Amino acid sequence: MTDLAIAVTDDPDHSRYAVTVDGRPAGGAYYRFHDGRVVFTHTEVDPVWEGRGVGSALARAALDDVRHTGRHAIPLCPFIAGWIRKHPDYLDVVDEHHRASVS
């Protein structure tokens with residue numbers, strides 16, 4: 001398998017973190033803001049990229065950005081919540097009132 005060029009950018013005009021693979025759109029993690037928190041509502045990755053780390057790269061980059069901005073996340077999206085369960089070092093990014101739902 002070749003190395004994939006995965007890039008994630010915040011696309012606030014479309015309320016999502018967009019992921020591209022080799023420069024082509026590959027999905028996104030959709031969000032909205034509520035009381036200063038980032039509420040992740042839905043994540044989708046093109047099925048052609050399933051099992052190749054694209055979803056993980058998307059989740060990691062989105063949560064890293066939330067952490068970097070000093071905000072907290074509310075992971076209503078099952079994919080983001082599940083990713084955090086597998087990576088408990090990201091639990092600090094989750095709003096304290098929602099940590100029990102992902103830990």
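**Close-up views of the predicted model**

**View 1. Gly 55, Ser 56, Ala 59, Arg 60 and Leu 63 of helix H1 meet Phe 79, Ile 80, Trp 83 and Ile 84 of helix H2.** The residues of this contact between H1 and H2 comprise six nonpolar, two polar and one charged. The model is predicted. Helix H1 covers residues 54–68 and helix H2 residues 78–86. Their axes come within 10 Å and cross at roughly 85°. H1 is therefore roughly perpendicular to H2, since angles from 65 to 115 degrees are classed in this way.

**View 2. The protein chain as a whole provides the setting for the close-ups, with two helices and five strands.** In sequence order, these elements follow the pattern β-β-β-β-α-β-α. The C-alpha trace spans about 40 × 30 × 20 Å along its principal axes. The radius of gyration of the protein chain is 13 Å, which agrees with the value near 13 Å that a compact globule of 103 residues would have. Of the 103 residues, 35% count as buried. Among contacts with a separation of 6 or more, 36% are accounted for by residues 24 or more positions apart. The accessible surface comes to about 5,900 Å², and carbon and sulfur atoms contribute 51% of this area.

**View 3. The buried residues of H2 are Ile 80, Ala 81, Gly 82, Trp 83 and Ile 84.** These buried residues pack against H1 and against two strands, S4 (37–45) and S5 (73–75). Three of the names, Ile 80, Trp 83 and Ile 84, also appear in the contact of H2 with H1.

**View 4. Phe 79 lies in helix H2 and touches residues that include Gly 55, Ser 56 and Ala 59.** The relative accessibility of Phe 79 is 37%, so this residue counts as partly exposed. When residues up to four places away in sequence are not counted, Phe 79 touches Thr 43 as well as Gly 55, Ser 56 and Ala 59. Gly 55, Ser 56 and Ala 59 are among the H1 residues at the contact with H2. Phe 79 and Gly 55 are 24 residues apart along the chain, and their C-alpha atoms are separated by 8.5 Å.

**View 5. Thr 43, in strand S4, is in contact with residues that include Phe 79 and Ile 80.** Thr 43 counts as buried because its relative accessibility is 14%, and the limit for buried residues is under 20%. Leaving aside neighbours within four places in sequence, the contacts of Thr 43 are Gly 28, Ala 29, Leu 58, Cys 77, Phe 79 and Ile 80. Of these partners, Phe 79 belongs to H2, and Ile 80 is one of the buried residues of that helix.

**View 6. Asp 95 is placed in the segment after H2 and counts as buried.** The assignment as buried follows from a relative accessibility of 8%. Apart from residues up to four places away in sequence, Asp 95 touches Arg 37, His 72, Ala 73 and Ile 74. Strand S4 spans 37–45 and strand S5 spans 73–75, and the residues touched by Asp 95 include Arg 37, Ala 73 and Ile 74.

**View 7. Ser 15 lies in the loop between strand S1 (6–11) and strand S2 (16–21).** Although Ser 15 is not a glycine, its phi is positive, at about 50°. Most residues other than glycine have a negative phi. With a relative accessible area of 30%, Ser 15 is partly exposed. Its contacts, leaving aside neighbours within four places in sequence, are with Ala 29, Tyr 30 and Tyr 31. Ala 29 is also in contact with Thr 43. The C-alpha atoms of Ser 15 and Val 102 are separated by 23 Å, with their positions 87 residues apart along the chain taken as the sequence distance.

**View 8. Asp 35 is found in the loop between strand S3 (24–34) and S4.** The phi of Asp 35 is near 50°, a positive value in a residue other than glycine. The relative accessible area of Asp 35 is 62%, and the residue is therefore exposed.

Terms used
Residues numbered from 1 in each chain as written. Predicted model: local features only at pLDDT ≥ 70, side-chain atom pairs only at ≥ 80, totals over all residues. Heavy atoms only, no water. Axes fitted to C-alpha atoms, helices over the stretch in contact; angles between N-to-C directions. Helix = DSSP H or I, 4+ residues; strand = E, 2+ residues; numbered from the N terminus. Parallel < 35°, antiparallel > 145°, perpendicular 65-115°, else oblique. Contact = heavy atoms within 4.5 Å. Nonpolar A, V, L, I, M, F, W, Y, C, P; charged D, E, K, R; others polar. Rg over C-alpha atoms; globule rule 2.2 N^0.38 Å. Buried < 20%, exposed > 50% of the residue type's maximum accessible area, 1.4 Å probe, protein only. Areas by Shrake-Rupley, 256 points an atom, 1.4 Å probe, with all protein chains shown as cover.
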